[in-house]
Amino acid sequence: MFIGREEERILREGGYLAKALEAIIKVGDAVKADRLLDVDTVHVSGVSYLTIGEAGLEYLRDISSSGARFRVFTTVNPAGVEYGNPNLPISEHFMRKQMEVVDYLAKMGASLWLTCAPYEFIRPQPGSIHAWGESNAVAYINSVNDAYTEKLPGPFTIIVAIAGKVPRFGLYVEENRVPRVIVKVNARLNPVKAGLLGRVIASKLKGEVPLVDYEGWDGQLLKSFLASYATYSPTPLAIIKGINPNWGRYAAMMDKPDKLTVDEPELRYEQPGDYDALFMGCPHASLGEIMTVVRVLEKHGFRRLRKPLVISTSRFVKSMLNPELVSRLKEANVILITDTCPMVSPIFNGLGIRSTATPSSKAIFYLPRLVNVNAMPCNIEDCLEGILDNT
Ligand code: F3S
């Protein structure tokens with residue numbers, strides 16, 4: 001791999017920066033990168049104490065006490081608890097360990113956004129270089145903004161944040177981003193079907209980049225589709241016709257593409273059976289998604305729900321809600337949690353939730369595997385109507 005003058009100087013000077021760069025060069029050699037790229041932003045994933053445990057905590061303790069500091073703007077994925085909230089059904093031990101993880105990242109200079117939808121607040125420029133670790137966010141900025149990032153492992157994103165450089169490989173190379181298959185979608189999507197579409201397309205392709213042809217995208221459909229697609233596909237990029245700013249240029253670069261269609265029957269799903277709670281916010285719910293819930297509740301006089309609706313979102317989105325509205329939601333049995341990924345948190349178990357209905361295909365994949373919570377598909381508006389208290 002080509003090493004430039006700046007990199008040679010860093011290596012000569014030694015210290016934590018040189019160590020980080022050495023590790024990146026080793027990875028670059030392993031993935032057959034040709035050179036290093038300067039990154040604009042890093043998004044660190046894998047920060048829940050539930051998944052990284054003592055070994056991960058020790059890694060962060062060691063690296064932060066070495067004096068290492070992040071050179072580029074760095075944000076952080078959700079963790080296992082709401083940061084600093086002592087009123088949750090979570091053990092004090094877990095809370096303390098989780099705070100320690102987050103504090104080490106803050107010490108190194110991370111911005112504690114603690115959200116898996118940082119793209120709601122950062123709009124990366126087409127062609128700009130990033131090093132993100134959260135698969136839905138990687139797929140989103142690759143596909144919607146045509147920003148360049150690979151899906152990087154969590155510990156590696158920390159090293160990249162220190163060095164500010166990433167090996168040029170995979171989706172950092174333009175020719176690897178050119179679609180090979182045109183996928184025509186003959187269906188009318190809702191958020192559940194958009195998630196199913198991600199799974200269907202990923203299963204029909206073998207990691208090739210698709211050019212997805214569907215009219216009628218909105219922000220929620222894109223999020224749902226891409227989160228699911230990135231869960232099932234090894235390649236976190238789908239060029240979306242009419243959405244990716246360079247989709248026309250990519251289309252012109254396609255050479256004898258394969259074609260396939262996805263029809264409505266492939267996206268059918270059963271209505272959920274019995275469940276303990278509704279869940280939305282995988283990826284973290286936007287203001288618009290929360291306001292969809294508010295509108296349904298308003299339509300029915302803010303009647304209390306018979307089962308809780310758990311919404312995971314970012315602290316930014318919550319701060320945009322009027323405190324009076326937050327109280328009304330709480331009275332209606334809506335549990336708003338911030339900073340947290342329920343898939344890597346003891347929170348569902350703490351709340352006694354064993355089964356959920358959710359519009360998120362990604363949550364349906366991970367909840368049973370990671371926290372032993374059963375999950376089934378449901379369009380949130382339909383399910384809300386079904387659990388309004390009629391007394
Ligand atoms: Fe976010 Fe966790 Fe889902 S990180 S995308 S809420 S699996």
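The legends below describe close-up views of a predicted model.

**View 1. The open sheet of five strands.** Its strands follow the order 12-11-10-13-14 and pair in parallel. Strand 12 (334-338) and strand 14 (374-377) form the edges; each has a single partner strand, so one side of each lacks a neighbour in the sheet. On average, neighbouring strands of this sheet are turned by 30° against each other, direction ignored.

**View 2. Pairing of strand 13 with strand 14.** Strand 13 covers residues 355-358 and runs parallel to strand 14, to which four bridges join it. Within this pair, Asn374 of strand 14 is the residue opposite Ser355.

**View 3. Helix 10 against the sheet strands.** Helix 10, residues 287-299, lies across strand 10 (277-285), strand 11 (309-313) and strand 12. The helix runs at about 155° to strand 10.

**View 4. The largest cavity.** The structure holds one cavity of 30 Å³ or more, and the volume of the largest cavity is about 210 Å³. Its lining comprises 20 residues, with Pro191, Gln220, Cys282, Glu289 and Pro359 nearest the centre. By residue class, the lining has eight nonpolar, eight polar and four charged members.

**View 5. Elements and domains around the largest cavity.** Strand 10 contributes the most to the lining, with five residues. At least two lining residues come from each of helix 8 (219-232), strand 10, helix 10, helix 14 (361-371) and helix 15 (380-386). The largest cavity lies between domain 2 (178-267) and domain 3 (277-386), because both give residues to its lining.

Conventions:
Residues are numbered from 1 along each chain as its sequence is written. This is a predicted model: local features need pLDDT of at least 70, side-chain atom pairs count only at pLDDT 80 or more; totals for chains, interfaces and linings use all residues. Side-chain values use heavy atoms; hydrogens and water are left out. Two strands pair if DSSP finds at least two bridges between them. Axes are lines fitted to C-alpha atoms, for helices over the stretch in contact, and angles run from 0 to 180 degrees between N-to-C directions. Contact means heavy atoms within 4.5 Å. On a 1 Å grid over the protein atoms alone, a cavity is a set of points where a 1.4 Å probe fits but cannot get out, and a pocket is an open set with protein on both sides within 12 Å along at least five of seven lines; lining residues have an atom within 4 Å of a point. Grid points are joined across faces, edges and corners, and a volume is the space filled by probe spheres set on the points. Ala, Val, Leu, Ile, Met, Phe, Trp, Tyr, Cys and Pro count as nonpolar, Asp, Glu, Lys and Arg as charged, and the others, Gly among them, as polar. Domain bounds come from an automatic or database domain assignment.
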